[in-house]
Protein chains: 2
Amino acid sequence: MAMSGKRSPARRPTMKDIARHAGVSQSAVSFALNGRPGVSEETRDRVRRVAEELGWRPSTAARALSGEGAATVGFVLARPADTLGVDSFFLQLVSGIQEVLAERHLGLLFQVVEDIGDECAVYRRWWAEHRVDGVLVVDPRTDDPRPDLLDELGLPAVVIGGAPDERHPGLSTVWADDAGAMASVVDGLYALGHRRIVHIAGLPGLAHTERRVRTLRAEAGRRGLSEVESVSTDYSDAEGAAVTCRVLKRPAPPTALIYDNDVMAVAGAATAAELGFSVPADVSVVSWEDSALCRMVKPWLSALSRDSVAFGRTAARELTALLDGGSARAVRVPVPRLVERGSTGVARDA
Amino acid sequence: MAMSGKRSPARRPTMKDIARHAGVSQSAVSFALNGRPGVSEETRDRVRRVAEELGWRPSTAARALSGEGAATVGFVLARPADTLGVDSFFLQLVSGIQEVLAERHLGLLFQVVEDIGDECAVYRRWWAEHRVDGVLVVDPRTDDPRPDLLDELGLPAVVIGGAPDERHPGLSTVWADDAGAMASVVDGLYALGHRRIVHIAGLPGLAHTERRVRTLRAEAGRRGLSEVESVSTDYSDAEGAAVTCRVLKRPAPPTALIYDNDVMAVAGAATAAELGFSVPADVSVVSWEDSALCRMVKPWLSALSRDSVAFGRTAARELTALLDGGSARAVRVPVPRLVERGSTGVARDA
DNA sequence: ATTAGTGACTAATACGCATTAGGGCAACTG
DNA sequence: CAGTTGCCCTAATGCGTATTAGTCACTAAT
C-alpha cells in the first residue's frame, strides 16, 4: 500500500544498518568509524568492513547538525556577469583549491554575485544556514568590509591576494609580493632604457592594484622619472585597448606599457600595432599575468608568470589549517617571475 | 568554567529562540514560517516579524536531515588541471546557472576532477553524503556512464549539451542544435566557393563533437565534396596550431577551416599567417565559440555566437523544475548564430 | 443536550550522527 | 573477599527542523 509504483532509488545506508549487520549498537559503530576508543580492534575492523560493503558514507547533514561542521568551504566571486570573460586565473585558482579540499573530502560551495555588498550578504546567509565552515576571499580591497564581517561572524577565512592585515588577526592571508615584482619589472625596463612608462592598472579599489601603483610611483620617484604613471581600468580588453590608444597618441608616447592582466595586454599590443607602433621596437609590452593568451599573438608577450594552481593549493591549505584549529598566518608565495618573450626590448630613443 | 576566553561568535538563532520570543511552540513557528495551515494569520505575522528581527535562517543541515533535501546543486568539471586554460564558456555558464539558483537560495557545489571516472565517484559520494539534490552534467559523451549512474542513484540531473536520450527518461537535457549550425556554416562556406574544408574538432568522445563531425560528413556527401574532413584535437591552442600547420602544408590545402573553439581558432589563424597564408584571402577561418578572444586578433574572427549565460540559466531552470517534481524534458536552445567578421571570405580558387 | 466538527495550538517523534552517561564483566589491589 | 580499576559495549540525549498525533475551547448540527 505505502509503496507506490515509483522507482525506488537505492536507499542510503545509515549507521543503523551497519549496526544491525555487524550485530552491535549504533554507538559502537560511531566509535569504530571515527577512531574513538571504546571498541576492540576486532570489532572496529568488522564494522569497517561492513560499512565498506554497504557503501556507507556519513550524511554531511547529520554531521553538520551534531556540531561537526558542514565539511564545506565557500568561495564567492563578486563580478558582474559580463566581466568574467577570458580569465584563466580563477579557474586555475579553483582547480588548485580543489586538489587540497578533495583530499579531505571538503566540498566547495561556489557563488558568483554582482558586487561586494551581495558577497557580504552571501557570507551572512551561509553562516546563518550553517552551510560552510570557512571561506576563501578574493580580490581584497583597500577599504574592505569583509574582514570585519567575517570576524563578527567568527567564520574562518583566508584572504587571497591581500597584504597581511594586523587589524584582523583571525584571518589568514596568502599573498604575492606585488611590490617586489613591480620594482623588478621597472628595474628591467629602466635598464633597457625606458623612461616613459605607463602602467595600465586594474580596478582601482583592489589592494594589489594599489600596491602596484604605489610601488611604481615610488620607483619612478627614486629614479627621478616624471613621465611614469598608472591608469586604472576595469580589466576588460575594451578599456585596455582604449587606454593604449590614448597614451600612444600623445606627443611623447610611452616606450613601455605594463598591463595588469593578459587580456588587456593582448588587446593593447594589437592596438599598438594598429596605430603603427611596432612591438617591441617602438613600444615594449609586459603582461602581469601569463597564460596561453600571451602566446597567441605575435610577438609573444613577455609576462609575469605565477603558478595560480599552486596559489590555490596554498590558500586551501591555510584554510584547512585554520579549520583544524590552527592560528592565522600570513603566507607569502614566490614573487612572480618575468618570462622574457618577444614583446620587450631596448627603448627606441635609448 | 565552561566558557573559555575565546571570542564568542554570535550564536545562530534557531526556531526555539523564535518560539520563545513569540510565546508559541516550535511547531507553531514551523507552521508559520512554512506557510502551513495550523496558525492564525495574526500569529503567523508575529512569528515572521520575530524571525526577521532575529535574523533567522533555516539551518540547511537540519532541513536536509528532516528530508527536505540539501538545497544544493552539484556541478562537476572533469578536466585535467592544466587543460582549463583560457575558456570563457564555463565561467559564463556557471554565472548563468547561479542567477537562477540564487533566486531560490540554492547553493552550487562545485568540483574539478581529473576524469569522468572521478566524476562518477563524486556523484556517488555526494549522493551518499546527502549533499546535493541534483546535478548539472556537462560534456556528455557518446558512450557515457553518467546517465546510468544518475538513474541508479535517482539523482535528478540535467545534461548540458547532450542530445535528447530516450533511454534515460529521467534526465532533462538542454542542448543546441549543432547539426543545424554545422549545416548552415557549410552552406555559407559552400556558397563562398569553398570546396576543401577542414573541421578542427574537439575531443572525439564528446557528443556534440560527434554530432558536428557526422553532420559535416553528411553535408559533404550530399554535395559530393571529397576533400572535407574532421580532425580531432584536445581543444588546446597547441593542437589547434599543429593541425592547422599540417593541413595547410598539403599540396592542396583547405580553403576553409572550422575550429571547434575560440582558443584553437585564434592559434590556428596565427599559424596560418606564419605560414604565409593570408586570412581570409587564402584561407577562411570560423570559430565555433565567440568570445573577446575572437576580437583580439587581426582580422577579427567570424564566429558562431551563442549566449552561454542564457544557456546556463536555462539549464538551471530545468533542474529546479525537476527538483520541484516536474518531469524531465529536452529543451533546445537557439541555434548559434554565425557572426560574420573579417576572417571569412570568397575562396581563392573560386 | 450530547455529539460531531473545526480552528489554533502544543507535545512528541523522526531524521543520522556524535557524545555522554552508564552497565556488565574480568582482572587487579589491598 | 569487597573494592577498585579498565575494557567493551549499550542506552539515552542533543543538534534544528518538519511532521504527525494529540489537546483544548468553542461552534454547528442532531
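Q: Where is the place of Asp262(A)?
A: Asp262(A) sits in helix α11 of chain A, which covers residues 262-274. Helices here are DSSP runs of H or I of at least four residues, strands are runs of E of at least two, and both are numbered from the N terminus. This is a predicted model, where local features need pLDDT of at least 70, side-chain atom pairs count only at pLDDT 80 or more, and totals for chains, interfaces and linings use all residues. Side-chain values use heavy atoms, with hydrogens and water left out, while residues are numbered from 1 along each chain as its sequence is written, chains are lettered from A and ligands numbered from 1 in the order in which they are written.

Q: How do you know that Asp262(A) has no salt bridge?
A: A salt bridge needs a side-chain nitrogen of Lys or Arg within 4 Å of a carboxyl oxygen of Asp or Glu. Lys and Arg count as positive and Asp and Glu as negative, with His and the chain ends not counted. For Asp262(A), the nearest side chain of opposite charge is Arg306(A), at 8.6 Å. Set against the 4 Å limit, that value rules the bridge out, so Asp262(A) is a buried residue without one.

Q: What is Asp262(A) in contact with, leaving aside its neighbours within four places in sequence?
A: Contact means heavy atoms within 4.5 Å. By that rule the partners of Asp262(A) are Ser88(A), Ser287(A), Glu289(A), Ser291(A), Leu293(A) and Cys294(A).

Q: Why does Tyr235(A) count as buried?
A: Buried means under 20% relative accessible area, exposed means over 50%, and partly exposed is in between (1.4 Å probe, protein chains only). Tyr235(A) comes out at 13%, so buried is the word for it. It belongs to the loop between β7 (228-232) and α10 (237-248) of chain A. Its phi is near 80 degrees, a positive value in a residue other than glycine.

Q: What makes Glu289(B) buried?
A: The relative accessible area of Glu289(B) is 11%, and therefore it counts as buried. Glu289(B) has a positive phi too, near 160 degrees, and lies in the loop between β9 (284-287) and β10 of chain B.

Q: Why is Arg250(B) called partly exposed?
A: Its relative accessible area is 34%, so it is neither buried nor exposed. You'll find Arg250(B) in the loop between α10 (237-248) and β8 of chain B. Not counting residues up to four places away in sequence, it touches Val198(B) and Glu229(B).

Q: Why is Val39(A) called buried?
A: Val39(A) has a relative accessible area of 17%, so it goes in the buried class. Its home is the loop between α2 (26-33) and α3 (41-54) of chain A. Beyond neighbours within four places in sequence, its contacts are Ala28(A), Phe31(A), Ala32(A) and Arg44(A).

Q: What makes strand β5 of chain B mostly covered?
A: Five of its five residues (172-176) are buried. Ser172(B), Val174(B) and Ala176(B) cover one side, and Thr173(B) and Trp175(B) the other, all of them buried.

Q: How do you know that β5(B) and β11 of chain B pair?
A: Two strands pair if DSSP finds at least two bridges between them. β5(B) and β11 (residues 330-333) share four bridges in the parallel sense, so they pass. Ala176(B) stands opposite Val333(B) in β11(B). Strand β4 (residues 157-160) of chain B also runs parallel to β5(B), with three bridges, and Val159(B) has Thr173(B) as its bridge partner.

Q: Why do β7 and β12 of chain B stand at the edges?
A: The open sheet runs β7-β6-β8-β9-β10-β12 in chain B, six strands with mixed pairing. β7 (228-232) and β12 (337-339) each have a single partner strand, so one side of each is left without a neighbour in the sheet. β10 (residues 302-305) and β12(B) are antiparallel, joined by three bridges, with Leu304(B) opposite Leu338(B).

Q: How do you know where confidence is low in chain A?
A: pLDDT is the predictor's confidence in each residue, from 0 to 100. Chain A averages 91, and 95% of the residues score at least 70. Over residues 1-7 of chain A, though, the pLDDT is below 50.
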